[in-house]
Amino acid sequence: MASLLSFLTVAAILAFVCSPSMATDPTQLQDFCVADNTTGIFVNGFVCKNPKQVTAEDFFFAGLRQPGNTANPVGSSVTPAFVGQLPGLNTLGISAARIDFAPYGLNPPHYHPRGSEVLVVQQGSLLVGFVTSNNENKLFTKVLQQGDVFVFPQGLIHFQFNIGKTYAVAIAALSSQNPGVVTVANAVFGSNPKIDPYVLAKAFQLDLKTVQALQAKFWTNN
């Protein structure tokens, strides 16, 4: 009985200590597990491609070479290099993205539910920041110059704003093969189907017509 109790105690401690890792990407159990997007099997992530069919192209993505199209209402463009674009990232727990900014362009307030972000400014000057969770909702903000680095913790709302008169470029590294993104304004006012405007009017302390006008806008992802 004592040995059983000891075993259960150790198991409980291990479960508690190891539980945070369950919130991140699974660790690979072999050299690589290139994502196979051709199967109809649904798992938490992607099944592995046959290693004998893997080529160098599975670990390569040229999409960050070219600037994104910033001709949109927010003046920015995000080009992801996630597992959907780069199958070799599967199970590795990392990804990247390029963010292009027109003069005074904005990467609107958003968050990544499954990954933290490290941002490196390659060109221009960016005002960046993130807000902590309730109840403090503290803003951490900084103006970044070329070569500067800033970290956005997982799950916290953050933004990047080009404060210069010239184009700006940044590269982001993220701690998930598929970090996800939720753009706050799009999710709240551009959901499909729409959230009841009375709910939003009360939540944001706005009049109903203002909420309906915001919901009528054409919300797009950058």
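Partly exposed residues have a relative accessible area between the buried limit, under 20%, and the exposed limit, over 50%. The legends below describe close-up views of a predicted model.

**View 1. Tyr104 has a positive phi in the loop between strands S2 and S3**. The loop follows strand S2 (95–101) and leads to S3. Phi of Tyr104 is near 65°, and this residue is not a glycine. Tyr104 counts as partly exposed because its relative accessibility is 45%.

**View 2. Five strands form an open sheet with antiparallel pairing**. The strand order is S6-S5-S8-S3-S10. Strand S6 (139–144) and strand S10 (182–183) are the edge strands. Each has a single partner strand, so one side of each has no neighbour in the sheet. In general, strands of a sheet pair through backbone hydrogen bonds.

**View 3. Strand S3 pairs with edge strand S10**. S3 covers residues 106–111. Its pairing with S10 is antiparallel and runs over two bridges. Here His110 stands opposite Thr183 of S10.

**View 4. A cis peptide bond joins Asn134 and Asn135**. Omega is about 10° at this bond. Asn135 sits in the loop between strand S5 (126–131) and S6. S6, the strand after this loop, stands at an edge of the sheet.

**View 5. A cis peptide bond joins Asn192 and Pro193**. For this bond, omega is about 0°. Pro193 belongs to the loop that links helix H2 (184–189) to H3.

**View 6. Helices H3 and H4 cross with right-handed geometry**. H3 spans residues 197–204 and H4 spans residues 208–216. Their axes come within 9 Å and cross at roughly 115°. H3 is therefore roughly perpendicular to H4, as angles of 65 to 115 degrees fall in that class.

**View 7. Residues of H3 and H4 make the helix contact**. H3 contributes Pro197, Tyr198, Leu200 and Ala201. H4 contributes Leu208, Val211, Gln212 and Gln215. By class, six of the contact residues are nonpolar and two are polar. None is charged.

**View 8. Gln205 has a positive phi in the loop between H3 and H4**. Phi of Gln205 is near 55°, again in a residue other than glycine. Gln205 counts as exposed because its relative accessibility is 66%, and the cut-off for that class is over 50%.

Conventions
Residues numbered from 1 in each chain as written. Predicted model: local features only at pLDDT ≥ 70, side-chain atom pairs only at ≥ 80, totals over all residues. Heavy atoms only, no water. Axes fitted to C-alpha atoms, helices over the stretch in contact; angles between N-to-C directions. Helix = DSSP H or I, 4+ residues; strand = E, 2+ residues; numbered from the N terminus. Parallel < 35°, antiparallel > 145°, perpendicular 65-115°, else oblique. Left-handed = near helix turned anticlockwise from the far one by under 90°. Contact = heavy atoms within 4.5 Å. Nonpolar A, V, L, I, M, F, W, Y, C, P; charged D, E, K, R; others polar. Pairing = 2+ DSSP bridges. Buried < 20%, exposed > 50% of the residue type's maximum accessible area, 1.4 Å probe, protein only.
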